[in-house]
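Me: Could you take a close look at one part of this model, setting out how its helix contacts are arranged and what surrounds them? Please spell out the cut-offs as you go.

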Amino acid sequence: MSFVVDFVTAIKPRRLRWALLLLAGGAVALGVGALQPNAQSAVLRADPEAILGDPQLRRVALTSGKQVFDTSCASCHGNAGKGDRTLGVPDLTDGDHLYGTGTVSQIEDIARYGIRARNKRGWNLAVMPAYARKMPDAAEPLPPQTPAQIADLTQYILSFTARATDAAAVARGPAAYSAAGCWDCHGRDLGGDPAIGAPTLTDDIWLYGGSADDIRRSISRGRAGISPAFARTLTAAQLRNVAVYVASLAPTRQERK
């Protein structure tokens, strides 16, 4: 208080009004600065799945999360989060999730530990074998597939979205699918497994493109995309905020109905 008195009495009376305004503005700025850490602490303490439903927590998390996304994620996923099929970078706005169901907690874990990022706590399963090679997979003794067998598999997968052009190949598809061991990851019904990151093959959402050529290429060459682990480069607050931001990009379950 003595500082304020000394400051005011040391200046000329005609400038008193401006001095008081400056002091008041400084006090407000200090107050806002003091509130920000408390607001962020509240985001970290909160149930991750409740943050988007709380206006104050949502505002804090999204403001910071967008900054983190722009700096650490947009270079691959794009500024709008639409991804890139040519690189196998997923679209974060379509509501389809390869790993889990899109909860904030699941997204936060992916950001922290990565996918095939050489982090023992990350997701390292569901590598797509390269069936055109003599040894399609280094970990499993899977049988290689001939070009004709790969063509049958491609037509079989296309049939689920009514795009197959070879009925005979589609008829051979189930046997080829079973013999190649595709069911082990994608399931007997081709529905995939979000617990390991195996996509469903029956819808029209594709990580590397869904044309006949794209599917044939994926079966032949294999796929094993990588998402970085940010555990050592982002703080706990940044990881939480960016997870909330990414979750906000996708439509809610209600919106998808």
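Reply: Interaxial angles under 35 degrees count as roughly parallel, over 145 as roughly antiparallel, 65 to 115 as roughly perpendicular and the rest as oblique. The model is predicted, with local features needing pLDDT of at least 70 and side-chain atom pairs pLDDT 80 or more, while totals for chains, interfaces and linings use all residues. Residues are numbered from 1 along each chain as its sequence is written, and side-chain values use heavy atoms, leaving out hydrogens and water.

The part in view is helix α10, residues 236-249, in a chain that has 11 helices and 0 strands (DSSP runs: H or I of at least four residues, E of at least two). The axis of α10 comes within 8 Å of the axis of helix α5, residues 104-113, and the two cross at roughly 125 degrees (lines fitted to C-alpha atoms over the stretch in contact, with N-to-C angles from 0 to 180 degrees). The two helices are therefore oblique to each other. On the α5 side the contact (heavy atoms within 4.5 Å) involves Val104, Ile107, Glu108, Ala111 and Arg112, and these meet Leu239, Arg240, Val242, Ala243, Val244, Val246 and Ala247 of α10. Sorted by class, the residues of this contact comprise 9 nonpolar, no polar and 3 charged (charged: Asp, Glu, Lys, Arg; nonpolar: Ala, Val, Leu, Ile, Met, Phe, Trp, Tyr, Cys, Pro; polar: the others).

Helix α10 also packs on α3, with the axes 7 Å apart and an angle of about 95 degrees, and α3 and α10 are therefore roughly perpendicular. Here α3 contributes Ala61, Leu62, Ser64, Gly65, Lys66, Val68 and Phe69, whereas α10 contributes Gln238, Asn241, Val242, Val244, Tyr245, Val246 and Ser248. The contact of α3 with α10 has 8 nonpolar, 5 polar and 1 charged residues. Val242, Val244 and Val246 are thus listed for α10 in its contact with α5 as well as in its contact with α3.

Within the α3 contact there is a ring pair to consider, one of 4 aromatic pairs counted (ring centres within 6.5 Å; planes under 30 degrees apart are stacked, over 60 edge-to-face, the rest tilted). The rings of phenylalanine 69 and tyrosine 245 have their centres 5.3 Å apart and their planes at 55 degrees, so this pair is tilted. Phenylalanine 69 belongs to α3, residues 55-72, and tyrosine 245 to α10, so the pair ties together parts that are 176 residues apart in sequence. Phenylalanine 69 has a relative accessible area of 0%, which makes it buried (buried is under 20%, exposed over 50%, partly exposed in between, 1.4 Å probe, protein chains only). Tyrosine 245, with a value of 10%, is likewise buried.

For another ring pair, the centres of tyrosine 156 and phenylalanine 160 lie 5.3 Å apart with the planes at 75 degrees, so the pair is edge-to-face. Tyrosine 156 is buried at 12% relative accessible area, but phenylalanine 160 counts as partly exposed at 33%. Ring pairs also link Tyr156, Phe160 and Tyr177 into a cluster.

As for the chain in which α10 sits, 36% of its 257 residues count as buried. Among its contacts between residues at least 6 apart in sequence, 58% join residues at least 24 apart.

Conventions. Rings of Phe, Tyr and Trp (its six-membered ring) pair if their centres lie within 6.5 Å; planes under 30 degrees apart count as stacked, over 60 as edge-to-face and the rest as tilted.
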